[in-house]
Amino acid sequence: MSIYGKYADYLPQILASVLQQIQGIGQEYSEKYGQKLYEHLEGRVKGEESMTQKCERKGLPHTPESALIENRDSIGFRIVCNFIDDIYTCIDLLKKQDNFKIIKEKDYITNAKPNGYRSYHLIMEVVTPFEDVHGNKPGTYYVEIQLRTIAMDTWASLEHEMKYKHDIKNPERISKELKRVADELASCDVSMQTIRQLIKEG
Amino acid sequence: MKILLAEDESQLNRVLTVAMQKSGYDVDSVFNGQEAVDAVKKHPYDVIIMDIMMPVKNGLDAVKEIRATGDKTYIMMLTAKSEIDDKVTGLDVGADDYLTKPFSLKELLARLRSKERRSEDYNSTQELNYDNLKLDLNSQELSSNNSISLSKQETGLMRYFLLNPGKAISTEELFNHVWKNEDESEDVVWVYISFLRSKLASIGANVQISGEKGGEFCLERA
């Protein structure tokens with residue numbers, strides 16, 4: 001039996017409909033302003049194995065309640081933008097959707113993690129036509145969204161590579177260099193943002 | 001500090017060498033201009049003390065040769081007479097300071113201490129602070145809540161603001177201090193003010209640069 005129980009079948013459908021809705025927001029924006037709102041968008045349903053391991057780590061029972069309520073990243077999206085201010089535009093547009101309710105925000109862009117990680121994390125409640133764990137129909141599901149620039153995304157991939165390689169000879173040196181390069185990428189992001197502003201001002 | 005002394009009068013050379021060594025300096029002593037030029041090619045020095053009147057090669061020619069190789073070591077000339085022309089020529093060929101003979105040992109040692117202070121305490125300040133803002137000049141890193149890297153010019157401009165917080169500084173003054181030897185025009189100042197403003201905001205600094213395009217700018221608490 002899946003850790004997601006009878007709700008397992010709903011998750012890919014919710015994923016697809018939220019994906020479509022965000023794509024719609026992007027399309028409307030580019031038609032209106034002639035610029036891309038985001039560079040790319042990807043989504044996934046957290047694998048059962050990975051969700052089970054996460055519940056295990058947190059000492060939670062292997063139940064749909066743990067997987068869908070205690071953990072709020074069973075459905076996740078990543079929106080990767082060209083510029084920093086596009087991220088904030090995206091957030092504003094997500095907040096305007098009637099069936100999305102943002103319940104938690106973490107701004108790791110203005111408050112970067114000590115290792116240099118930058119990204120904006122949102123947890124939303126999404127109203128869906130499907131029954132939820134509480135028996136409500138239409139039911140509410142949690143969706144996690146991570147928003148970042150291309151530079152932040154590239155950095156996160158590199159950091160991810162380091163995290164999952166356990167035989168690095170000099171981890172402190174690599175961590176230090178990763179932190180430095182995160183600050184350099186942030187510098188480029190902020191400079192590009194500023195140049196964009198200067199261009200706009202004319 | 002490592003010092004090179006070029007002085008042909010053997011007794012004076014001996015006295016100066018011993019006195020400087022007693023003050024904790026590492027001293028190489030030579031007896032003419034040519035030996036000085038050769039020593040500079042082989043070893044790094046923090047200060048060169050050079051007599052003018054010397055056999056084989058005089059001090060002025062030695063200084064000219066040393067400077068021609070691109071060497072920028074601090075040079076103090078010892079002029080035999082208090083003639084203005086000697087001092088002017090010495091400074092013009094590339095010396096940084098001079099002492100007129102006869103001079104007191106006390107004064108020479110005080111000047112060396114002053115030199116040491118200038119290079120260690122004043123010039124090589126590696127970190128500047130204001131409120132919650134920190135600029136690391138070595139790594140060109142600006143930080144408060146977060147940290148962010150700065151380019152060379154951004155670092156130069158931020159450094160100048162941090163050395164003069166709370167003062168209104170004109171666009172022209174900023175340009176002259178940060179871009180003095182570069183092929184640039186004054187409108188570069190506004191661009192770099194804009195870069196620094198965004199970067200200060202992105203790290204959550206409690207300070208800001210106030211002022212408007214083309215006018216005076218001031219680093220102050222937000």
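This is a short guided tour of a predicted model, moving from chain A across the contact and into chain B.

**Stop 1: chain A as a whole**

Start by showing chain A alone. Its C-alpha atoms fill a box of roughly 55 × 50 × 20 Å along the principal axes. Colour by secondary structure and you should find 6 helices and 5 strands. If you walk along the sequence, the elements come in the pattern α-β-α-α-β-α-β-β-β-α-α. Of the 202 residues in chain A, 27% are buried. Now consider contacts in this chain between residues at least 6 apart in sequence: 64% of them join residues at least 24 apart.

**Stop 2: the two domains of chain A**

Next, select residues 5-150 and give them one colour, then 155-201 and give them another; these are domain 1 and domain 2 of chain A. Their C-alpha centres lie 23 Å apart. Where the two domains meet, 10 residues of domain 1 of chain A are in contact with 13 residues of domain 2 of chain A. Which elements give two or more residues to the domain 1 side? Select helix 4 (84-95) and strand 5 (139-149) of chain A, and you have them. By class, that side of domain 1 divides into 3 nonpolar, 4 polar and 3 charged residues.

**Stop 3: where chain A meets chain B**

Bring chain B back into view. The contact between the chains takes 12 residues from chain A and 14 residues from chain B. On the chain B side, strand 9 and helix 8 are the elements that give two or more residues. Helix 8 of chain B provides the largest share, 6 residues. Colour the chain B side by class and you will count 4 nonpolar, 8 polar and 2 charged residues.

For a good view of this region, select helix 6 (residues 171-201) of chain A. This helix lies across strand 8 and strand 9 of chain B, and runs at about 75° to strand 9.

**Stop 4: the open sheet of chain B**

Stay with those strands and hide chain A. In chain B, 4 strands form an open antiparallel sheet in the order 6-7-8-9. Why do strand 6 (127-130) and strand 9 (147-149) of chain B each have one side without a neighbour in the sheet? Both stand at the edges and have a single partner strand each, so one side of each is left free of a sheet neighbour. On average, neighbouring strands in this sheet are turned by 15° against each other, direction ignored.

Zoom in on strand 8 (residues 141-143) of chain B, which is joined to strand 9 by 3 bridges, the two running antiparallel. To pick out one pair, select B:Ser143 and its bridge partner in strand 9, B:Ser147.

**Stop 5: the two faces of helix 7 of chain B**

Now select helix 7 (residues 171-178) of chain B and show side chains. B:Thr171, B:Leu174 and B:Val178 are buried. These residues cover an arc of only 65° around the axis, which places them on the same side of helix 7 of chain B. In an α-helix there are 3.6 residues a turn, so residues three or four places apart point the same way. What do the buried residues of helix 7 pack against? Add helix 6 (152-163), strand 10 (169-170), helix 8 (188-202) and strand 12 (216-221) of chain B to the selection to see these partners. Then rotate to the face turned away from the buried side, where you will find the exposed residues B:Glu172 and B:Asn176.

**Last stop: the domains of chain B**

Finally, zoom out and colour chain B by domain: domain 1 covers 2-123 and domain 2 covers 127-221. The centres of these two domains, taken over C-alpha atoms, are separated by 38 Å.

How values were computed
Residues numbered from 1 in each chain as written. Chains lettered and ligands numbered in written order. Predicted model: local features only at pLDDT ≥ 70, side-chain atom pairs only at ≥ 80, totals over all residues. Domains from an automatic or database assignment. Pairing = 2+ DSSP bridges. Axes fitted to C-alpha atoms, helices over the stretch in contact; angles between N-to-C directions. Contact = placed C-beta atoms within 7 Å. Buried ≥ 20, exposed ≤ 12 C-beta atoms within 10 Å, placed from the backbone. Arc of directions from axis to C-beta. Nonpolar A, V, L, I, M, F, W, Y, C, P; charged D, E, K, R; others polar.
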